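Trainee: Could we go through the backbone features of this entry together? I would like to hear the reasoning behind each label.

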Protein chains: 2
Amino acid sequence: MKVAFAQLNYTIGDFEGNSAKIIAYIEKAKVEGADLVVFSELSVTGYYPHDLLEKKEFIQKAENAVANIAAFCHGIAAIIGAPRINQNEKGKQLFNAAFLLFNGEIQYIQDKTLLPTYDVFDEYRHFEPNRQFGLAQYKGEKFAITICEDLWDEQPTASEFGKDKLYQISPMEELAKLKPAFVVNISASPFSYNQEEWRKNVLINKAKKYKTPVLYINQVGAQTELIFDGGSVLIDGNGEVIKELKYFEEDFLIVDTRNIGEKQLQPEAGTIEKIHDALVLGIGDYFRKMGFTCATLGLSGGIDSAITVVLAVKALGAENVRVLLLPSKYSSNHSIEDAWQLAENLGIQYEIVKIQPAVDAFEAALKPIFGGTSPGVTEENIQARARGIYLMAISNKFGHILLNTTNKSESAVGYGTLYGDMNGGLAVLGDVYKTDIFKMARLINRDKEIIPENTIIKPPSAELRPDQKDTDSLPEYHDLDRMLFGYIEMNLSPKEIVDMGFDEKVVNRVIRMVNMNEYKRFQAAPILRISSKAFGFGRRMPLVAKY
Amino acid sequence: MKVAFAQLNYTIGDFEGNSAKIIAYIEKAKVEGADLVVFSELSVTGYYPHDLLEKKEFIQKAENAVANIAAFCHGIAAIIGAPRINQNEKGKQLFNAAFLLFNGEIQYIQDKTLLPTYDVFDEYRHFEPNRQFGLAQYKGEKFAITICEDLWDEQPTASEFGKDKLYQISPMEELAKLKPAFVVNISASPFSYNQEEWRKNVLINKAKKYKTPVLYINQVGAQTELIFDGGSVLIDGNGEVIKELKYFEEDFLIVDTRNIGEKQLQPEAGTIEKIHDALVLGIGDYFRKMGFTCATLGLSGGIDSAITVVLAVKALGAENVRVLLLPSKYSSNHSIEDAWQLAENLGIQYEIVKIQPAVDAFEAALKPIFGGTSPGVTEENIQARARGIYLMAISNKFGHILLNTTNKSESAVGYGTLYGDMNGGLAVLGDVYKTDIFKMARLINRDKEIIPENTIIKPPSAELRPDQKDTDSLPEYHDLDRMLFGYIEMNLSPKEIVDMGFDEKVVNRVIRMVNMNEYKRFQAAPILRISSKAFGFGRRMPLVAKY
């Protein structure tokens with residue numbers, strides 16, 4: 001059977017736009033001779049609609065969209081994903097379903113069995129698990145339809161305390177008994193640089209174990225924090241990846257399941273390159289899908305704002321990025337020069353605003369209240385917050401979205417000012433550790449110097465007091481990031497982190513900083529997720545707790 | 001059997017404190033002649049530990065605490081709640097368990113069957129459902145142990161599109177076959193003014209249907225957003241509530257299940273009074289459990305900050321509340337006077353800081369960039385953000401927590417400035433509609449005028465431009481709140497809200513405001529939840545979406 005892989009970028013809740021796109025690709029697949037065209041999980045609604053699924057009107061629109069798309073399926077079959085109402089008396093309101101459409105109608109429905117409810121996934125919040133298995137049939141061929149997690153009854157675990165068999169049922173085990181010619185897996189699997197290999201292996205293992213080709217069709221594009229990377233694959237019955245679609249962009253490919261043909265894989269990319277591409281897509285989709293064009297941010301001369309502005313320019317174009325340079329009396333000359341040079345290199349609009357007069361006004365007004373107290377964090381925060389006001393003023397006046405430049409290391413230990421440099425509509429680097437930020441700077445400068453060398457080599461500093469350096473209050477980033485990875489991504493205990501070769505006092509201080517700054521992260525901007533455990537809705541910690 | 005109800009306030013993750021409290025109440029129950037003392041769901045950890053449950057160390061500490069508490073159970077039995085590891089090969093890592101302890105050891109374990117995974121509940125994220133049913137036994141009496149949701153296989157739904165039977169199994173149906181003498185339900189059921197009656201009815205219906213007494217032991221106290229109200233009850237086999245423990249405070253009662261005795265109920269309180277009491281508890285526990293003493297906030301002369309400061313004084317004491325009056329050139333004289341009068345009435349420390357010099361500094365610096373644009377929302381936001389800086393400076397300098405004063409109506413339509421008046425560590429009124437705010441003012445002033453009458457009767461205004469009124473950009477609160485309740489609590493469609501008797505254009509505008517302000521609420525302070533649907537982690541909306 002000739003199967004078309006339609007790896008597309010959907011907008012959540014945009015039934016009109018998503019349907020139009022799906023219909024266009026049904027036509028294209030038909031013209032190009034495909035028998036069946038496959039779209040990804042919840043393609044009609046976009047993944048994941050969250051509590052929009054609790055609105056009757058939303059579900060009705062999804063039902064109408066499915067019926068409307070089915071009407072275009074003549075001389076070709078299509079598999080699309082959408083929620084549907086659970087008509088049984090008991091259980092959750094909805095199923096997460098795959099619809100096989102041909103002859104203008106819904107011909108077969110397969111509901112999702114395994115509902116991921118961990119990390120960023122909340123599917124049991126809305127969906128009832130399927131308990132019945134059957135095969136779909138078209139043009140005399142019988143095949144199985146599965147939905148994403150359905151193939152993940154066995155999975156590796158990122159954390160030390162994870163479990164590799166989260167479910168009681170193996171859908172593939174059930175379906176294999178029915179002898180499908182191949183297994184279609186419609187998916188919405190987000191990118192995470194440290195789980196990517198696993199994902200491919202999970203699919204390979206299933207194909208191998210059941211000697212059945214697996215056709216995996218993933219979504220592409222960013223939905224707020226989650227960045228879906230595409231990379232759809234066809235794996236043959238020996239567990240060999242034979243076809244692979246593009247990463248981080250839409251793609252389309254027709255494959256004959258009886259005559260798969262030559263290997264056709266994507267070029268290997270390095271981890272930092274993938275993260276880079278993921279973030280550019282993440283920024284671009286955030287703006288496009290929100291209906292915004294322009295970004296603003298503050299350039300400090302430091303590396304975080306430098307990387308952020310470069311990614312923004314790649315995502316939106318230099319003409320759509322406008323920055324402020326906001327020096328204070330503690331800003332070093334080279335910082336201002338580095339920021340200026342970077343703006344010049346990128347060809348973006350910039351303005352310089354001195355924050356001192358506003359800071360002085362605050363301090364003067366507070367003097368009678370603060371009395372003889374000595375300047376400290378309070379006064380440092382006033383500077384960061386004054387900058388925040390200027391940037392939000394640009395954002396408000398010109399309708400630009402402020403990009404936040406906080407990195408994951410800072411966010412982890414609370415090294416940032418709430419309502420100050422933590423401001424922004426989107427945190428571009430919030431899931432990227434500082435040590436990876438440096439690597440990304442080298443990648444960006446690979447061909448020519450875009451980020452001034454001085455920005456990369458100077459010791460990181462917030463420049464909120466004279467001669468301040470990050471290492472005054474934090475361990476070296478090389479060590480800090482390893483401790484944080486152990487604590488956040490791997491869920492190690494303090495003792496286990498000490499056993500990695502770190503000083504107990506330092507480890508305890510770092511962990512205490514992570515724990516006591518939940519309150520700041522609670523109010524942080526949404527973070528583009530590129531790891532297996534990002535701050536945000538995939539990591540739910542009680543705010544008020546003792547631990 | 002003489003059963004002691006121990007309705008206590010736990011701190012999440014405070015194994016030492018929670019254990020000490022539980023042990024003290026085991027001793028007390030023993031001294032007072034009880035055979036069995038019952039604590040609430042996850043009493044050892046506090047409810048709900050969220051992703052702390054993914055840490056091995058956390059689970060080990062819980063296991064140790066259970067063993068330690070068991071050692072104190074001699075001459076008395078106790079039921080406590082704690083997570084335990086699922087030793088089966090398949091399924092989630094943990095069970096949410098009830099432990100029956102006596103003779104110094106764990107004698108019986110009953111795991112939770114129905115795992116609420118909706119609204120603010122995420123239990124299937126961490127727990128495997130139980131599938132086995134048995135009775136506990138002590139002193140020759142056989143009884144059933146259930147955990148909270150286990151009795152909720154049939155439940156009323158708040159939203160129009162909800163389902164009343166969310167589960168495939170009815171634990172009570174299974175347990176009834178074993179003929180228990182009574183059913184213990186250990187619970188962690190948060191307060192919600194519009195679901196309170198349901199909760200009691202769910203329990204009454206079970207007792208009646210199975211002709212079996214139900215002993216319901218709830219947690220009390222606030223855990224960040226969730227406010228557990230206590231109100232534990234004993235319902236006899238006819239479905240009559242015979243005993244009722246206090247609301248919003250710890251309580252303890254011993255009941256003889258063979259000789260229940262006279263009715264002993266709590267006095268009826270009005271809805272606004274309950275909300276009031278819930279919020280006072282919510283503020284108090286937030287500070288106590290975080291280890292903070294003092295609150296700060298800005299008094300504008302308006303009703304929201306007035307109510308907030310009154311509740312803060314009730315929760316923390318007048319000596320622990322310090323406010324700023326932050327007039328601008330648009331503040332009316334009466335506003336300053338009303339704010340001053342309120343501070344005087346409460347006997348709290350206050351200072352007046354004029355924001356104009358700082359605002360002028362920002363506007364001067366921005367003039368070259370803004371050119372000839374006319375002042376608007378940008379300039380209004382600068383005022384709100386300047387106030388935010390002053391308040392955060394007080395918070396930082398003196399270690400006070402800034403209380404946020406935003407109400408639910410404002411929060412819904414985005415009538416507030418991000419990084420300005422949306423600042424704060426805790427949003428006290430974020431789940432209270434403006435119309436209920438007015439009612440609460442009347443309740444507070446019932447015996448004497450604490451909130452100046454003028455604050456209550458004047459038309460609400462943000463005072464960010466001359467003669468501004470909320471109704472310039474919003475419908476009257478009486479109408480607005482009804483539309484919002486329909487949209488947020490009841491999940492009605494725009495058409496259904498129009499059918500309530502509102503103008504279609506106005507309804508569409510209001511709904512559009514709610515939808516497009518998800519981005520602001522994403523970064524809002526945690527909100528004390530008092531309704532069936534608060535903004536925050538119980539309402540998960542995609543940020544980037546079209547709907």
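Mentor: Happily; what follows is a short talk about some peptide bonds and backbone angles in this predicted model.

Trainee: What makes the peptide bond that joins A:Tyr47 and A:Tyr48 cis?

Mentor: Its omega angle: the value is about 10°, and the bond is listed as cis. As for its place, A:Tyr48 sits in the loop between strand 2 (36–38) and helix 2 (56–70) of chain A.

Trainee: And what is the omega of the bond from B:Tyr47 to B:Tyr48?

Mentor: Omega there is near 15°, and that bond is cis. B:Tyr48 belongs to the loop between strand 2 (36–38) and helix 2 (56–70) of chain B.

Trainee: Now to phi. What is notable about the phi of A:Asn491?

Mentor: The angle is near 55°, a positive value, and the residue is not a glycine. You will find A:Asn491 in the loop between helix 13 (477–489) and helix 14 (494–498) of chain A.

Trainee: Why is A:Asn491 called buried?

Mentor: Buried calls for 20 or more other C-beta atoms within 10 Å. A:Asn491 has 22 of them within 10 Å, so it is buried.

Trainee: How do you know whether B:Asn491 is buried or exposed?

Mentor: By the count again: 22 other C-beta atoms lie within 10 Å of B:Asn491, therefore it is buried. This residue is placed in the loop between helix 13 (477–489) and helix 14 (494–498) of chain B. Its phi is positive, about 55°, although B:Asn491 is not a glycine.

Note on methods
Residues are numbered from 1 along each chain as its sequence is written. Chains are lettered from A and ligands numbered from 1 in the order in which they are written. This is a predicted model: local features need pLDDT of at least 70, side-chain atom pairs count only at pLDDT 80 or more; totals for chains, interfaces and linings use all residues. Helices (H or I, at least four residues) and strands (E, at least two) are DSSP runs, numbered from the N terminus. A residue is buried if 20 or more other C-beta atoms lie within 10 Å of its own, exposed if 12 or fewer, and partly exposed in between; C-beta atoms are placed from the backbone.
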